[in-house]
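Trainee: I'd like a close look at a single part of this model, with its surroundings filled in afterwards. Pick up from the residue I ask about and take your time.

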Amino acid sequence: MSDHVLERRQLVPGQIERVFEFFEDPYNLERITPPWLRFEVREASDARVREGTRIRYRLSWQGIPMRWESVITDYRDNREFVDEMTTGPYARWHHRHLFTPVEGGVEMRDVVSYRLPLGPIGALAHSLVVRRQLDAIFDYRRRAVAEVFGAGPAGLAA
């Protein structure tokens with residue numbers, strides 16, 4: 001079964017150092033995740049993400065409590081980092097966070113490559129529920145990031 005890819009791009013006002021610093025704090029993920037997921041960072045091995053940082057989360061999907069653990073597998077200061085799920089609901093989750101200074105702020109890109117377990121059942125769940133929910137999560141994230149950085153509720157969508 002092949003991976004699915006979700007890509008998002010957002011322009012954020014501010015200096016790259018300030019924007020990147022916000023995302024380096026693993027606990028800020030709680031601020032930009034929809035409340036209906038009941039997302040909580042339980043533990044982070046480092047105060048700021050860097051290569052090798054391990055993060056444990058707890059969330060609730062469709063009312064089912066889940067554990068999620070990830071590790072930062074790539075890190076380039078003020079440029080990008082990659083988190084990969086080591087424990088959680090997906091067969092594979094590889095999330096690249098990319099930051100590029102541009103006129104008027106920072107272009108942030110999320111590139112998520114993911115695969116669901118359970119073969120054909122996972123494929124059906126993806127088409128019926130999972131993709132729409134991931135879109136809703138990243139739509140919420142766009143609005144939350146825009147509010148954090150003072151870009152208004154919609155942000156500077158690209």
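Trainee: Where in the chain's secondary structure is the place of M108?

Mentor: M108 is in strand β7, residues 105-115; strands here are DSSP runs of E with at least two residues, helices are runs of H or I with at least four, and both are numbered from the N terminus. Before we dig in, keep in mind that this is a predicted model, where local features need pLDDT (the predictor's confidence in each residue, from 0 to 100) of at least 70, side-chain atom pairs count only at 80 or more, and totals for chains, interfaces and linings use all residues. Residues are numbered from 1 along each chain as its sequence is written, and side-chain values use heavy atoms, with hydrogens and water left out. The chain has a mean pLDDT of 92, with 94% of its residues at 70 or more. Among its elements, β5 (residues 80-87) has the highest mean at 98, while β8 (residues 156-157) has the lowest at 49.

Back to M108. M108 counts as buried because its relative accessible area is 4% (buried is under 20%, exposed over 50%, partly exposed in between, with a 1.4 Å probe and protein chains only). Skip the neighbours within four places in sequence, and M108 is in contact with R8, R9, Q10, V12, V19, F23, L98, F99 and V145, contact being heavy atoms within 4.5 Å. R18 is 90 residues away from M108 in sequence, yet their C-alpha atoms are 13 Å apart in space.

Several of those partners turn up again as you look around. V19 and F23 are on the buried list of α1, along with I16, F20, F22 and E24. The cover over the buried residues of α1 includes β7 itself, plus β1, β4, β5, β6 and α2. R8, R9 and Q10, for their part, help line the largest cavity, together with D110, F138, R141 and R142. β1 (4-12) and α2 (119-148) are the elements that give two or more residues to that lining. On a 1 Å grid over the protein atoms alone, a cavity is a set of points where a 1.4 Å probe fits but cannot get out; a pocket is an open set with protein on both sides within 12 Å along at least five of seven lines, and lining residues have an atom within 4 Å of a point. Points are joined across faces, edges and corners, and volume is the space filled by probe spheres set on them. The count is one cavity of 30 Å³ or more, and the largest has a volume of about 50 Å³. Its lining has five charged residues, one polar and one nonpolar; Asp, Glu, Lys and Arg count as charged, Ala, Val, Leu, Ile, Met, Phe, Trp, Tyr, Cys and Pro as nonpolar, and the others, Gly among them, as polar.

The partner V145 leads you into α2, where it is one of the buried residues, as are F138, R141 and R142 from the cavity lining. That helix has a kink of about 60 degrees centred on H126 (the bend is the angle between axes fitted to the seven residues ending at a residue and the seven starting there), and H126 is on the buried list too. Just ahead of α2, in the loop that joins β7 to it, you find L118. L118 has a positive phi of about 75 degrees without being a glycine, and L118 counts as exposed because its relative accessibility is 62%. After α2 comes G150, with a positive phi near 75 degrees.

Now the largest pocket, which holds about 800 Å³ of space. Of its 39 lining residues, W68, Y90, W93, L134 and I137 lie nearest the centre. α1 (16-24), β3 (54-61), β4 (64-76), β5, β6 (92-102) and α2 each give two or more residues to the lining, and the largest share, nine residues, is from α2. The lining splits into 29 nonpolar, seven polar and three charged residues.

W93 is worth a stop. W93 belongs to β6 and is buried, with 8% relative accessible area. Beyond its neighbours within four places in sequence, W93 is in contact with W68, D83, E84, M85, V112, S113, Y114 and L134. V5 lies 88 residues away along the chain, with 9.9 Å between its C-alpha and that of W93.
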